[in-house]
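The following exercises concern a predicted model. Please examine the sequence and the structure before working through each solution.

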Amino acid sequence: MTEAFRPCPPLNQSPLQLFNQLQCPVWVISLETMSLHWSNHAGQKLWPRSSLRAWIKHAQQGRSDRVLSRVDRVRQALAEQQTWTEQWTFYRQGELVSMPCLCSALSLDACPEALLLVEGLDERLEPALARALRLTETNLQQRDATMLAVGEAMRSLLGNADSDQAISHALQLLGSMTHVDRAYIFKNHPHPVTGDLLTSQRWEWTYDRVTTQIDNLELHNISYQALSPEDWLDPLRSDCCVSFRLRDLPAGHPLVEFLGAQQIQSILALPILLQGNFWGFLGFDRCRTDQLWTEAEQNLLRLAAAAIGCTILRHQSEVKLASFNTQIEALVEQRTLKLRAAVQQLQQEIHERERAESQLRYNALHDRLTGLPNRAFLMEELGRTIAQLQTTDSLGFAILFVDIDRFKVINDSLGHQVGDELLVAIAHRLRRCLRPVDSIARLDGDEFAILLRDVGTRTQAEQVAEAIHRSLARPVTLGSQEIFTSVSIGIALGSREYNCAELLLRDADIFMRRAKAMRSRHEVFDRAVHQQVLTTLRLEYDLRRAIAQIEEMGIEQASRPEVDLPFSLRYQPIAEAATGYIYSFEALLRWNHPELGPVAPDRFIAIAEETGLIVTLGLWTLYRACYQLSEWQRLYPELDRLRMAVNLSAKQFSRLDLIEQIDQVLHRTGIHPGTLKLEITETTIADNSDLAEATMHELRARRITICMDDFGTGYSSLSYLHRFPLDVIKIDRSFIAQLGGRDNTQAIVRAIITLAEHLGMQTIAEGVEQQEQLQWLAGLGCTYIQGYWLAKPLSARGAGQLLVQRISEAETLRQTWPAACPDKSLPVAAIATQPPQG
């Protein structure tokens, strides 16, 4: 035996000795050891030791599953402190004795385990207690029967769709299984005249030998007021049960006669409530006995009454629902024709909407003017083509970025209508140069993109480009006009290195611009060149950061001479060709990159013009140059004629607020408008001639000098000289460099100078580097010269030193200048070869 089942010590001490005074048998049993620890004298007589030992031996050795299961149930009951009765059977002196035994838990300090206390209830010894136990057992049996009946009735009520049939069957189950004589249901209803509450029997079940009352007219339209309402109506209305025996009612009570006529001895009535309202009641009659219902039975039957109420309520809801459905069907029938008409109209609207959506999808993916697919369509196609190349061994592809040359000039000069017609005609020609498998799209304005499929070599893509050039070499006839045009094409070959359509299109765009800049017909994307482009992009990024410093500080504040920035100005003097007198300085922008050092002006200025950064940079240059001129005029009052020349880009000149900006610069710096000279190019004027003319008149009204820069390299339209209020023409350095060689160059320069004289304009020859050039220009009557022969671009400090030196030598220069003695060497040469430091 294990430690957990160590037996208790013998229990032969008080208080167990008190059980010897009882006449009924008592036993104390240990379930852990399956042993009998103690019994009183009556128990020993009824259960001899020999049989006890045999029972214990059998129980300990066998320990069958049935015995063990029984022991577990008893042990659980003891743990829950339960008390119960069992019927035990004994053999006493050859006689079979059966008696009820009361079992309970026994706890004693001398024993740690829970013990089973068994008390035998011999009727001869305890007759009252035995009768009470039998009565309790009978009540329990009746309760179980009632519980079973209620369960079956509720199942019938829930499972039968016919409520009338379900209630009748439930009454049959409740009546037969609870052993009553009659079960019935009464329904309340108001009196048709007085409105008093009446009740009538609706359902009934009766025992075979009991007279049915369903046809008894006295059980219809019964008034509660006539049946002692305080004993009947009031409790039921308050959701209480009514239960009594007829013999318990006082003589003369209204219910005595009423119930006696139906041979009722005891009655139970349970209220039926529908949504809190007293609908009627469920009744049970006992006609053969006057036994009452226990509280447990009443509570169970209340569940049956509630289930019947739910069934009645469900039936009422179904009736209402059926009526509602009938009404709905009528309404549906009435509106069927309307709905059919509405459906037909809706179908028509859906069809029109689908057609509209289809048109919208088409418009979203196609260009309205040319009918070609647009950028969105092309990007989808290009994305699918790239993905296909990544996953299959298909041939490569190429993208051609096509831009019409000088389309803006054509559009502005001939009108937008002609421009649109030209785009349509070019789109048609481009399509005719392609195969059915290729795709073309209009990107924006005068830009097109072509997707060539199944292209494996560069040569194939260039062949298509050449076919496009040949097709567009023929003039385009629009009405009575013939228009000659050309295109610049950038070609990018598809490869597995590309995983994004935007990158491929970007590379083609970059090399289209390269083709346009190099005046070539087309350019094919090259990695080495692309690296140069990336370097340019890096330079653009750094340029943006440098300009951001100006914008954060404020352009006017950042332009003051004392502010240190990566940008600076160099000043190249412009002198009178006849006298050598320094007439003005041209402000030249420089950028000192923090890592690359000085960046060539033509390199970063081109980036600034392309990105629009030139607007901020140009305004800063204007401020800085005017501030420097103001400083020189303050230091050298005798230089009141000294002027400052500043270049204006096309984007600056086309701004509507240019005049306002210039007025603000003049006001802030304090210089006289007549000392400011603005240089513009022929391209600037050609981009928007009407705006240019209006702006130049505004500048002329302020006495600001206007100079046309690089004359002879652009359009060289003589109409510009006649139409626009120009003051100075600047002869491009390319003509000056060739003066000593080709005769036609000298003729061009002579013609420009002569033309300017007749138009009342002055001329500036830039790029003068030799004495012979200076002498020749002075002889032709050129007004001013600019170049390395005079001085290289100087810092502000160096230019100031040059001014001081030239002031002191002014008289000498006038005496020795080539106009007076052309064969002598110029004193200015020493200045040019050894310019002031800084």
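Three exercises follow, each with a worked solution.

**Exercise 1.** Determine which residues of helix H9 are buried and how they are arranged around the axis.

*Solution.*
Step 1. Helix H9 comprises the 17 residues 375-391. At 1.5 Å a residue, the helix should span 24 Å, and its end C-alpha atoms are 24 Å apart, so the expected and computed values agree.

Step 2. The buried residues in H9 are Leu378, Met379, Glu381, Leu382, Thr385, Ile386 and Leu389. These residues cover an arc of only 165 degrees around the axis and therefore lie on the same side of H9.

Step 3. The cover over the buried residues of H9 includes strands E12 (398-404), E13 (439-444) and E14 (447-452), as well as helix H13 (501-517).

Step 4. At the N-terminal end, H9 is capped by Asn374, which has a side-chain oxygen 3.3 Å from the backbone nitrogen of Ala376.

**Exercise 2.** Establish how strand E14 is paired and to what extent its residues are buried.

*Solution.*
Step 1. Strands E12 and E14 run antiparallel and are joined by 6 bridges. Asp403 stands opposite Glu447 in E14.

Step 2. Strands E13 and E14 also run antiparallel, with 5 bridges between them. In E14, Leu451 has Ser439 opposite.

Step 3. E13 and E14 form a hairpin in which 2 residues lie between the strands. In the turn, Gly445 has a positive phi of about 60 degrees.

Step 4. In a regular strand, side chains alternate between the two faces of the sheet. For E14, one side carries Glu447, Ala449 and Leu451, while the other carries Phe448, Ile450 and Leu452; all are buried, and both faces are thus covered.

Step 5. Because 6 of the 6 residues of E14 are buried, the strand is largely enclosed by the rest of the structure.

**Exercise 3.** Is Glu576 buried or exposed, and with which side chains does the side chain of Glu576 make polar contacts?

*Solution.*
Step 1. Glu576 belongs to strand E19, which covers residues 567-576.

Step 2. The relative accessibility of Glu576 is 16%. Buried means under 20%, so Glu576 counts as buried.

Step 3. The side chain of Glu576 is joined to that of Thr579 by a polar contact of 2.5 Å. A polar contact of 3.4 Å links the side chain of Glu576 with the side chain of Arg641.

Step 4. Glu576 is therefore a buried residue at 16% relative accessibility, with side-chain polar contacts to Thr579 and Arg641.

Key
Residues are numbered from 1 along each chain as its sequence is written. This is a predicted model: local features need pLDDT of at least 70, side-chain atom pairs count only at pLDDT 80 or more; totals for chains, interfaces and linings use all residues. Side-chain values use heavy atoms; hydrogens and water are left out. Helices (H or I, at least four residues) and strands (E, at least two) are DSSP runs, numbered from the N terminus. Buried means under 20% relative accessible area, exposed over 50%, partly exposed in between (1.4 Å probe, protein chains only). A polar contact is a pair of N or O atoms within 3.5 Å; within protein, one must be able to donate a hydrogen and the other to accept it, and residues adjacent in sequence count only if both atoms are side-chain atoms. The expected span of a helix is 1.5 Å times one less than its number of residues. The arc is that of the directions from the helix axis to the C-beta atoms. Contact means heavy atoms within 4.5 Å. Two strands pair if DSSP finds at least two bridges between them.
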